[in-house]
Amino acid sequence: MPAISSNKPYRIGRSKTGLGLFATKPIKKGTKIIRYFGPMLDCRKEKDDAVENKYLFQINGRWTIDGSVRKNIARYINHSCRPNAESDVSARKRTVHIRAIKNIAPGDEINYDYGTEYFKEYLKPIGCKCASCERKRAKQRAEARAVKSSTAKAGTKARAKAKKVKAAKPTARAKSKAATKAGSKAANAFDKNRASKAAASRRAGAKSAKEAKATPKKRARAA
Ligand SMILES: [Zn+2]
């Protein structure tokens, strides 16, 4: 790991995605933090144009910085969709500086937005791991969990209700039993009544059976 002199307001440290650059002192909004540098590649030269790595910083249509060199500490700065710094490009001088766009506190990771091209090519396929995107995903997960638990709760409620109904049924039966015992005479009368009704209906059934037998004959005659 390259050494960083102690008067610099940053250090290389562990970040979620590997290594990152962290503030060691308060950095005021607007301050140039570090220069992004390396060999200048000219896309008109075939050899330069063939260089391919994750640390290429395009300045304009012709010039690109190859930031993959060890001395380029700025290459440790990770991407963020909601950064606290930005890349300040001077096409005329062919230089790039990382500048704070917010006040950065000691311990904060320094980030800048790598731009849509890099995002599409390298970050989108694996899912951006910047704090902002992680927060978004955590929120989505929490919402999904909330929906799940609320449906689970509704299920529990429904089951509890069903249990209550089941529990209530025996009580109702017990009550009706008590009522039957209390008015056993009335109940007997009711039973008799029901028995006679049943007999009547049986007779009625017999009648209708006779009628049913008679009907085919009528039909046969008609035919
Ligand atoms: Zn992101």
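**View 1. I77, a buried loop residue.** I77 counts as buried because it has 26 C-beta neighbours inside 10 Å; the cut-off for buried is 20 or more other C-beta atoms within 10 Å of a residue's own, with 12 or fewer making it exposed, anything in between partly exposed, and the C-beta atoms placed from the backbone. This is a predicted model, so to speak of local features we need pLDDT of at least 70, and side-chain atom pairs count only at pLDDT 80 or more, while totals for chains, interfaces and linings use all residues. Numbering starts from 1 along each chain as its sequence is written. I77 sits in the loop between β6 (63-66) and β7 (78-79); strands here are DSSP runs of E, at least two residues long, and helices are runs of H or I, at least four, both numbered from the N terminus.

**View 2. Who I77 meets.** Skipping neighbours within four places in sequence, I77 is in contact with G20, L21, I98, I110, N111 and Y112. Contact here is C-beta atoms, placed from the backbone, within 7 Å. Take G20: it is 57 residues away along the chain, yet the two C-alpha atoms are 5.3 Å apart.

**View 3. The largest nonpolar core.** This one has 22 residues, and Y10, I33, Y36, I77, I98 and I110 have the most contacts inside it. Strands β2 (18-23), β3 and β9 each chip in at least two of its residues. To belong to a nonpolar core, a residue must be a buried Ala, Val, Leu, Ile, Met, Phe, Trp, Tyr or Cys, joined to the set through C-beta atoms within 7 Å. Leaving out residues up to four places away in sequence, I33 touches P9, Y10, I27, A85, I98, R99, A100 and I110.

**View 4. The two faces of β9.** In a regular strand, side chains alternate between the two faces of the sheet. Strand β9 (residues 95-100) does just that: V96, I98 and A100 point to one face and are buried, while T95, H97 and R99 point to the other and are not.

**View 5. β9 and its partners.** Strands pair if DSSP finds at least two bridges between them. β3 (residues 32-36) runs antiparallel to β9, joined by 4 bridges, and K32 has R99 as its bridge partner. On β8 (residues 85-90), also antiparallel to β9, there are 6 bridges, with D88 standing opposite H97. β8 and β9 make a hairpin with 4 residues between them, and R94 in the turn has a positive phi of about 55 degrees.

Notes
Two residues are in contact if their C-beta atoms, placed from the backbone, lie within 7 Å.
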